[in-house]
Amino acid sequence: MDNRQVTVAGAGIWGCTLARVLAEAGYKVRVLEKRSQIGGNVRCETDPKTGIEVHVYGSHIFHTHLPEVWKFVNRFVEFNGYQHKVLARHAGKTYFLPLGLALVNQFFGVELTPREVPAFMADEAHKRAIFDAFFRNYTSKQWGKAPEDIDPTIIQRVPVRATYDVNYFNDYHQGIPASGYNSLFERMLDHPDIALSTAQAFTLEELGTETVFYSGPIDELFGFKFGPLPWRTLRFETERLPVADAQGTSVVNYVDADVPYTRQHEYKHYHPEDKRVMGYPETIVCREYSAEWQPGDEPYYPVNNEESAALLKRYRDEAAQYPNLVIGGRLGQYKYFDMDKSIESALATAKAYLEAHA
Ligand SMILES: Cc1cc2nc3c(=O)[nH]c(=O)nc-3n(C[C@H](O)[C@H](O)[C@H](O)COP(=O)(O)OP(=O)(O)OC[C@H]3O[C@@H](n4cnc5c(N)ncnc54)[C@H](O)[C@@H]3O)c2cc1C
């Protein structure tokens, strides 16, 4: 057996990062991907007519404060400098998120200065009004709970910006690959020692003596023997519209109860540098609905509670019996990770493996 041979199961951002780092360290890497395409949930499709990059599994914006991660992704693609802003539609008006000076002044019809914001927002009535308008119904739709069951103390944990900074993320680095997300994954796997097979799911029966890095669902790997871990799923309703620009921005959150979807995305705004796409007299919008996950649905957000934590522990204890099985990624760890954190986790996993096998 060639012990410088490993398998990576799952060609999402976690698996592709691992495959690349291990190949560059001298390993022969076999990558197995269950779907017919690589990229996991960051996968996009370019609309042939308009050239719009459609995010198949929901909008993805790359953002990070981790220099190592930023350096890594910039080896493969150039980022377009897109800065993410999110608007909220409430009671017929449009507001800038996150919770900051722009939203507070517009919502309450005041003209606070940065110095006045903390005292104003410390007032229980103001906090309550913001919670009821922007958080209660949105959270209820997102998690499928009755509005009255949404914990009002979440508003205590929402940071208030005492500035007009409406950049949604605080991270220093941000953007979308100018050549598209798919090119990031194609280039990561473009290495002579990486052999990719798509439409090929890894199963536990295939586990031999070679190390396998697995980023599929942990419960599925063990045949759901303790029962399925619960998820929230999403349904996307995509529409082509005969206008160059439908909403003037990439994402609008619909925070009221009378609108059944949570957000509407307009993908062309992720590429403001692409004048052809921006000027094309058609656009593609997508309304996002949140729903309870049923077996067979795409898993999007883990439902973290005591029950799922106990179930996860049982699967992890089971996995611990296989010393050459390394489980990671959002599905393997049953954890929400942003893309940069997925890469950080894969880099750390690769480093630990290489140190242990030096
Ligand atoms: C709606 C939504 C929006 C998001 N937006 C952002 C954002 O704006 N910015 C950001 O940084 N992050 C965002 N994220 C997070 C981002 O999607 C994750 O960080 C990323 O997808 C994690 O990559 P992964 O490789 O762990 O998992 P995945 O992308 O799920 O990849 C896992 C891969 O494993 C494959 N697989 C499964 N089982 C098997 C098997 N048995 N054998 C072989 N292959 C298998 C799957 O087909 C898949 O390709 C968002 C997440 C969601 C849910």
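Asn 3 counts as exposed because its relative accessibility is 54%, and the cut-off for that label is over 50%. You'll find Asn 3 in the segment before strand S1 (5-9). Now look for His 357: 354 residues separate Asn 3 from His 357 along the chain, yet their C-alpha atoms are 9.7 Å apart. Keep in mind as you look around that this is a predicted model.

Next, the overall layout. The chain is divided into domain 1, made of 5-81 + 175-227 + 301-356, and domain 2, which covers 98-157. Between the C-alpha centres of domain 1 and domain 2 there are 36 Å.

Now for a pair of helices. Helix H1 (residues 13-24) packs with helix H7 (residues 181-188) at an angle of about 30°, and their axes are 9 Å apart. On the H1 side, the residues that meet H7 are Ile 13, Cys 16, Thr 17 and Arg 20. H7 brings Leu 184, Phe 185, Arg 187 and Met 188 to that meeting. Sorted by class, this contact of H1 with H7 has 5 nonpolar, 1 polar and 2 charged residues.

Helix H3 (residues 101-108) is worth a stop too. Its buried residues are Leu 101, Leu 103, Val 104 and Asn 105. What do the buried residues of H3 pack against? Their partners are strand S7 (93-96), helix H4 (117-122) and helix H5 (124-143). Just after H3 comes Gly 109, with a positive phi near 65°.

Then there's the second largest pocket, which holds about 200 Å³ of space. Helix H2 (67-74) and helix H12 (339-356) each supply at least two residues of its lining. Which helix gives the most to that lining? That's H12, with 6 residues. Among the lining residues are Val 21, Glu 68, Phe 72, Glu 344 and Leu 354. By class, the pocket lining has 6 nonpolar and 5 charged residues, but no polar ones.

Here are the class counts for the two places side by side.

| Place | Nonpolar | Polar | Charged |
|---|---|---|---|
| Contact of H1 with H7 | 5 residues | 1 residue | 2 residues |
| Lining of the second largest pocket | 6 residues | no residues | 5 residues |

To trace the pocket lining yourself, try picking out Lys 71, Arg 75, Leu 347, Ala 348, Ala 350 and Lys 351, which also belong to it.

Note on methods
Residues numbered from 1 in each chain as written. Predicted model: local features only at pLDDT ≥ 70, side-chain atom pairs only at ≥ 80, totals over all residues. Heavy atoms only, no water. Buried < 20%, exposed > 50% of the residue type's maximum accessible area, 1.4 Å probe, protein only. Helix = DSSP H or I, 4+ residues; strand = E, 2+ residues; numbered from the N terminus. Contact = heavy atoms within 4.5 Å. 1 Å grid on protein atoms, 1.4 Å probe; cavity = no way out; pocket = protein on both sides within 12 Å on 5 of 7 lines; lining within 4 Å. Points joined across faces, edges and corners; volume = space filled by probe spheres on them. Nonpolar A, V, L, I, M, F, W, Y, C, P; charged D, E, K, R; others polar. Axes fitted to C-alpha atoms, helices over the stretch in contact; angles between N-to-C directions. Domains from an automatic or database assignment.
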